[in-house]
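Reader: I'd like to learn how to read a model like this one, starting with a single residue and then moving out to a sheet. Can you walk me through it?

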Amino acid sequence: MISVREALDHILALSDALPSEDIALQYAQGRVLAQTVTANRDQPPFAAAAMDGYAIRATDLAAGAQTWQVIGESAAGHPFLSPVAAGQATRIFTGAPLPQGTDHVLIQENVCAKDGQITLIDGPNDAAHRRPAGSDFTKGHQLRAPRRLSAQDIALLAAMNVPRPKVTRRPKVALIATGDELVQPGDAPRDDQIIASNSYGLAAMLQKSGAEARILPIARDRLGSLAEVFALTRDADLVLTIGGASVGDYDLVAQAAAEFGLEQSFYKVAMRPGKPLMAGRMGGRAMIGLPGNPVSAMVCGEIFVVPLIEKMLGLPAGPRAQQTAPLAHDLPANGAREHYMRATLIDGALHVATRQDSSLLSILSGANALAIAPIQAPAMPKGSEMRYIPL
């Protein structure tokens, strides 16, 4: 039995970052940028009006000018191309380029326009109402990889004239629930059967992390059934089995996977819940055997599977980011395994579910953190600082 950190190191060694692909910008939300993008022009590429009004030389104002001759018009997409001299102005609209020679916009509310001239009627007109060239970004600005692209990043890439950014290919993950007792949601279970919930919770977790999750048919507790489902995973980058990874008479996952070339990295981790975890490589792809207990499966998914997906996407690999918060109540001593407990952060304090409060509902419903009690941790009184993983 190995530690959580050792198990994670073994799992992260199962795969490298996947190849990249070009993708249309409208589909790039949430994808991981695989190649740094560099701007080849300023944005905006010209000084532009920030308000509707009249473009003039600021030196005219400084000299006390009150009246200007209007010689043309500049609109977005239709610039005025001639130079503007002292005592002259152009009608200008928001977003339009400032004509050559101008650097100040008199807002239209502050002037009176008549017979081809404008006259100041209000002030002080101190603000230039001008957006300088390069005020959004300048030539050479970089959006660095790797980076999970947000809506703001998409807008920036569009402004940088990048229609097809290079992103890391999404990992393809095959999910296999195992057990004769399982039926799919929507089926009519017998009294001795349960609904297969793990696959759907894990699939949602994987999709949120940036992977493509494919739920395969339930594998029954027979080597032949497991072999049939394993045969459907040949195009996957990662195979996740759920259940059947322990040592009971019907726990046949390791045996069936061995026939498909599994090279096992480890089996059993010093953690609670999640001890019966195994991992290795099977036919050139990563494989993780998760426990069948729903709480154990989801905890192991957060601790081990999400970091592997991030590595496959080219993001920095390592343990989930942790924070600390004071306990909202006393917590009993922990035993010989690292303990992961459902927790809720309320007003900066950590409310932790104890072992007596460990049902699926109490562990998963409303949880926004996983509190971590290290091996052989003594009892922790209220107010003690405790590590947790934000969910």
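Reader: Okay, where does Gln-193 sit relative to the strands?

Author: Keep in mind that this is a predicted model. Start with the element that holds the residue: Gln-193 lies in the loop that links strand 16 (182-183) to strand 17 (194-195).

Reader: Is Gln-193 buried or exposed?

Author: Go by relative accessible area, where buried means under 20%. Gln-193 comes out at 15%, so this residue is buried.

Reader: And what does the side chain of Gln-193 reach?

Author: Look for polar partners, then for contacts further off in sequence. Here the Gln-193 side chain gets to the backbone nitrogen of Arg-190, at 3.0 Å. Leaving out residues up to four places away in sequence, Gln-193 touches Asp-180, Glu-181 and Val-183.

Reader: Now the sheet. In what order do the 6 strands run?

Author: List the strands by neighbour, then check the ends. This open sheet goes 18-15-19-23-22-20, with mixed pairing. Strand 18 (212-215) and strand 20 (262-267) are at the edges; each has a single partner strand, so one side of each has no neighbour in the sheet. On average, neighbouring strands here are turned by 20 degrees against each other, ignoring direction.

Reader: How many bridges join strand 22 to strand 23?

Author: There are 5, between residues 278-282 and residues 285-290, and the two strands run antiparallel. For one pair to click on, take Ala-279, whose bridge partner in strand 23 is Ile-288.

Reader: Which strands does helix 1 touch?

Author: Helix 1 (residues 4-12) packs on the sheet and touches strand 20, strand 22 and strand 23. Its direction makes about 160 degrees with that of strand 20.

Notes: Residues are numbered from 1 along each chain as its sequence is written. This is a predicted model: local features need pLDDT of at least 70, side-chain atom pairs count only at pLDDT 80 or more; totals for chains, interfaces and linings use all residues. Side-chain values use heavy atoms; hydrogens and water are left out. Helices (H or I, at least four residues) and strands (E, at least two) are DSSP runs, numbered from the N terminus. Buried means under 20% relative accessible area, exposed over 50%, partly exposed in between (1.4 Å probe, protein chains only). A polar contact is a pair of N or O atoms within 3.5 Å; within protein, one must be able to donate a hydrogen and the other to accept it, and residues adjacent in sequence count only if both atoms are side-chain atoms. Contact means heavy atoms within 4.5 Å. Two strands pair if DSSP finds at least two bridges between them. Axes are lines fitted to C-alpha atoms, for helices over the stretch in contact, and angles run from 0 to 180 degrees between N-to-C directions.
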